[in-house]
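Please open the structure in a viewer and keep the selection panel at hand. The tour below proceeds stop by stop, naming what to select and describing what is found there.

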Amino acid sequence: MDAAVTTSAEPAAAPTGTLRVVYFAWLRERVGRGEEEVTVSAGIATVADLLAVLRARSPAHALAFSNTSSVRCAVNQEFAAPDAPVRPGDEVAFFPPVTGG
Amino acid sequence: MATVRVGEADFDIGAEMAALTAGRADIGGIGAFVGVVREDGKGLTALTLEHYPGMTERALEDIANVAETRFRLLGCTIVHRVGRLAPGANIVLVLAAAPHRQDALDATAFLIDWLKTKAPFWKKESFADGAEAWVDARIADDAAAARWGG
């Protein structure tokens with residue numbers, strides 16, 4: 001690898017790329033799909049930022065995320081709080097409070 | 001030490017106990033909990049269990065690992081079914097083997113209480129009139145999990 005080429009080709013500060021969003025239970029039904037890709041722009045640093053972007057995607061998204069007190073999140077399959085960081089390549093899941101057992 | 005399994009297939013409690021105790025004589029007691037689909041007079045015809053493949057197994061293994069740090073355990077088993085289940089069908093099995101009954105019983109309660117609030121499963125109810133509804137998380141379940149702390 002030529003480090004100089006990599007450095008000049010990619011600005012260090014703003015990582016770009018996509019992350020994968022997955023939905024479960026009634027969130028999946030209300031959004032109308034089980035998963036989608038989101039381009040990680042400069043404004044998306046946390047779960048809360050991502051949620052704001054998703055909410056603006058369609059009326060169905062807005063409805064699904066209208067009451068965030070009943071939405072839980074996992075980043076890369078670990079439960080995550082709204083201030084948890086998200087990065088390109090992550091798998092971010094949104095779902096209702098769990099009801100197994 | 002923990003056996004964790006998620007799938008559509010039913011489980012055989014006797015076979016799971018035999019697997020847990022096979023080849024050892026240091027177990028003094030086994031706690032067991034079986035969750036079953038209940039029809040409570042509202043016309044429930046099925047429960048459909050959805051989960052988050054990958055995260056589910058990880059979460060169950062994490063819960064089992066925590067149980068092994070909190071209780072004196074010699075092994076535990078968690079089997080959770082997914083898919084469409086009729087009233088009377090098994091949903092979940094928790095087994096906890098220990099030298100003495102208190103650890104076996106406490107670990108069993110801990111495992112099912114934590115599973116209910118920390119493992120990514122969701123239940124949808126189907127009724128005879130065609131209606132369907134996702135089950136809401138219960139505050140009582142959060143309280144049951146909270147009594148174990150952390």
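Which residue is the bridge partner of A:R72 in β5(A)? Select A:R72 and follow the bridge across: the partner is A:F95. Before going further, please note that the model is predicted. The predictor assigns the complex an ipTM of 0.91 and a pTM of 0.90.

**First stop: the strands around β5(A)**

Keep A:R72 and A:F95 selected, and extend the selection to the strands that hold them. The pair belongs to an antiparallel pairing in which four bridges connect β3(A) and β5(A). Next, select β1 of chain A, residues 18-23. This strand pairs with β5(A) in the parallel sense, again over four bridges. To see one position of that pairing, select A:V21, which stands opposite A:V92 in β5(A). Is β5(A) enclosed or open to its surroundings? Four of its five residues are buried, so β5(A) is largely enclosed by the rest of the structure.

**Second stop: the loop after β3(A)**

Move to the loop between β3 (72-75) and β4 (78-79) of chain A, and select A:N76 there. A:N76 is not a glycine, yet its phi is positive, at about 50°. Around A:N76, 16 other C-beta atoms lie within 10 Å, and the residue is therefore partly exposed. Now add A:Q77, which sits in the loop between β3 and β4 of chain A as well. A:Q77 also has a positive phi, of about 70°, although it is not a glycine. This residue counts as partly exposed, with 18 C-beta neighbours inside 10 Å.

**Third stop: chain A as a whole**

Select the whole of chain A. Its secondary structure consists of four helices and five strands. Colouring by element from the N terminus on shows the succession α-β-α-β-α-α-β-β-β. Of the 101 residues in chain A, 29% are buried. Among the contacts in chain A with a separation of 6 or more, 57% join residues 24 or more positions apart.

**Fourth stop: where chain A touches chain B**

Display both chains together. How many residues does each chain bring to the contact? Chain A contributes 13 residues and chain B contributes 20 residues. On the side of chain A that touches chain B, select α2 (25-31) and β5 (91-95), each of which supplies at least two residues. Colouring this side of chain A by residue class gives nine nonpolar, four polar and no charged residues.

**Fifth stop: the mixed sheet of chain B**

Turn to chain B, which has a mean pLDDT of 96, with 100% of its residues at 70 or more. Select β1, β4, β6 and β2 of chain B: in that order, these four strands form an open sheet with mixed pairing. At its edges are β1 (2-7) and β2 (29-36) of chain B, each of which pairs on one side only. From one strand to the next, the twist averages 5°. Strand β6 of chain B, residues 90-98, runs antiparallel to β2(B), and eight bridges join the two. One of the positions to inspect is B:G29, whose bridge partner in β6(B) is B:A98.

Helix α1 of chain B (residues 13-21) packs on this sheet and touches β2, β4 (75-81) and β6 of chain B. The direction of helix α1 makes about 30° with that of β6(B). Next, select helix α2 of chain B (residues 55-70), which packs on the sheet and touches β1 and β4 of chain B. Its direction makes about 155° with that of β1(B).

**Sixth stop: the nonpolar core**

Select B:C76, B:A96, B:A97, B:A107 and B:L111, which have the most contacts inside the largest nonpolar core, a set of 60 residues. The largest share of this core, eight residues, comes from β6(B). Centre the view on B:C76: beyond its neighbours within four places in sequence, its contacts include B:A2, B:A64, B:A67 and B:L95.

**Last stop: the antiparallel sheet of chain B**

Finally, select β5, β3, β7 and β8 of chain B, which in that order form an open sheet of four strands with antiparallel pairing. The edge strands, β5 (83-85) and β8 (132-134) of chain B, each have a single partner strand, so one side of each is left without a neighbour in the sheet. Here the twist averages 25° from one strand to the next. Seven bridges link β3 (residues 44-51) and β7 (residues 121-127) of chain B. To end the tour, select B:L49, which stands opposite B:K123 in β7(B).

Conventions:
Residues numbered from 1 in each chain as written. Chains lettered and ligands numbered in written order. Predicted model: local features only at pLDDT ≥ 70, side-chain atom pairs only at ≥ 80, totals over all residues. Pairing = 2+ DSSP bridges. Axes fitted to C-alpha atoms, helices over the stretch in contact; angles between N-to-C directions. Contact = placed C-beta atoms within 7 Å. Nonpolar A, V, L, I, M, F, W, Y, C, P; charged D, E, K, R; others polar. pLDDT = per-residue confidence, 0-100. Buried ≥ 20, exposed ≤ 12 C-beta atoms within 10 Å, placed from the backbone. Core = buried A, V, L, I, M, F, W, Y, C linked by C-beta atoms within 7 Å.
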